[in-house]
Amino acid sequence: MRAIDAKILEELEMLYGDKDCFSSIHDWLGTAETYWTKIERLLLITDHTKNHYPSTTKEISTYNKRIIDLFHQTKNYAGEWDSKQMEKTKFSTKDYSEDTAKNWDDLDQLNASQEKLRNAILDLVEFLYSINSKPYSD
């Protein structure tokens with residue numbers, strides 16, 4: 001593994017190893033670009049790994065697809081939840097009490113999606129570390 005790859009993986013593992021790695025819900029949309037940049041760095045490492053370990057291509061591609069899908073899903077949930085919170089300020093008290101259960105469900109979906117994304121990233125990082133002990137294939 002290249003030294004730069006190892007450093008990036010270490011940074012990602014430190015970031016996503018923290019259960020509170022994601023910003024508060026209100027800041028998620030503002031930081032989605034930062035999260036995406038970190039994921040792109042991880043995807044560059046996976047491309048490098050696939051070039052040196054062609055036998056891992058299918059498995060790495062599966063991890064990559066899952067992470068990308070979860071990132072977009074989480075971003076969508078954050079956008080939906082945030083827009084509903086803005087609309088909530090326009091509701092009367094009656095409307096708010098009727099809508100509260102749905103809002104909690106939306107928040108639960110967002111939190112679950114964030115946790116799945118975090119775990120998928122950590123799983124990929126662990127997989128990449130496990131490949132490190134194998135010799136390059138030509």
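Buried means under 20% relative accessible area, exposed means over 50%, and partly exposed lies in between (1.4 Å probe, protein chains only). This is a predicted model, where local features need pLDDT of at least 70 and side-chain atom pairs count only at pLDDT 80 or more, while totals for chains, interfaces and linings use all residues. Residues are numbered from 1 along each chain as its sequence is written, and side-chain values use heavy atoms, with hydrogens and water left out.

**Exercise 1. Describe the overall fold and its burial.**

Step 1. Count the elements: the protein has 4 helices and 0 strands. These are DSSP runs, numbered from the N terminus (helices: H or I, at least four residues; strands: E, at least two).
Step 2. Read along the sequence: the pattern is α-α-α-α.
Step 3. Check burial: 35% of the 138 residues count as buried.

**Exercise 2. Place Asp-5 and find its contacts.**

Step 1. Locate Asp-5: helix H1, residues 3-16.
Step 2. Classify Asp-5: its relative accessible area is 2%, so it is buried.
Step 3. List partners, leaving aside neighbours within four places in sequence: Asp-5 is in contact with Ile-45 and His-48. Contact means heavy atoms within 4.5 Å.

**Exercise 3. Compare three salt bridges.**

Step 1. Set the rule: a salt bridge is a side-chain nitrogen of Lys or Arg within 4 Å of a carboxyl oxygen of Asp or Glu. The structure holds 5.
Step 2. Take Glu-11 and Lys-7, which pair at 3.2 Å, N to O. Both lie in helix H1, 4 residues apart, about one turn of the helix. Glu-11 has 32% relative accessible area, so it is partly exposed. Lys-7, at 49%, is partly exposed too.
Step 3. Extend this pair: Lys-7, Glu-11 and Arg-41 are linked in a network of salt bridges.
Step 4. Take Lys-50 and Asp-47, which pair at 3.7 Å, N to O. Both lie in helix H2 (residues 28-52), 3 residues apart. Lys-50 is buried because its relative accessible area is 18%. Asp-47 is partly exposed, at 37%.
Step 5. Take Asp-69 and Lys-65, whose closest N and O atoms are 2.7 Å apart. Both lie in helix H3 (residues 57-88), 4 residues apart. Asp-69 is partly exposed at 40%. Lys-65 reaches 52%, so it is exposed.
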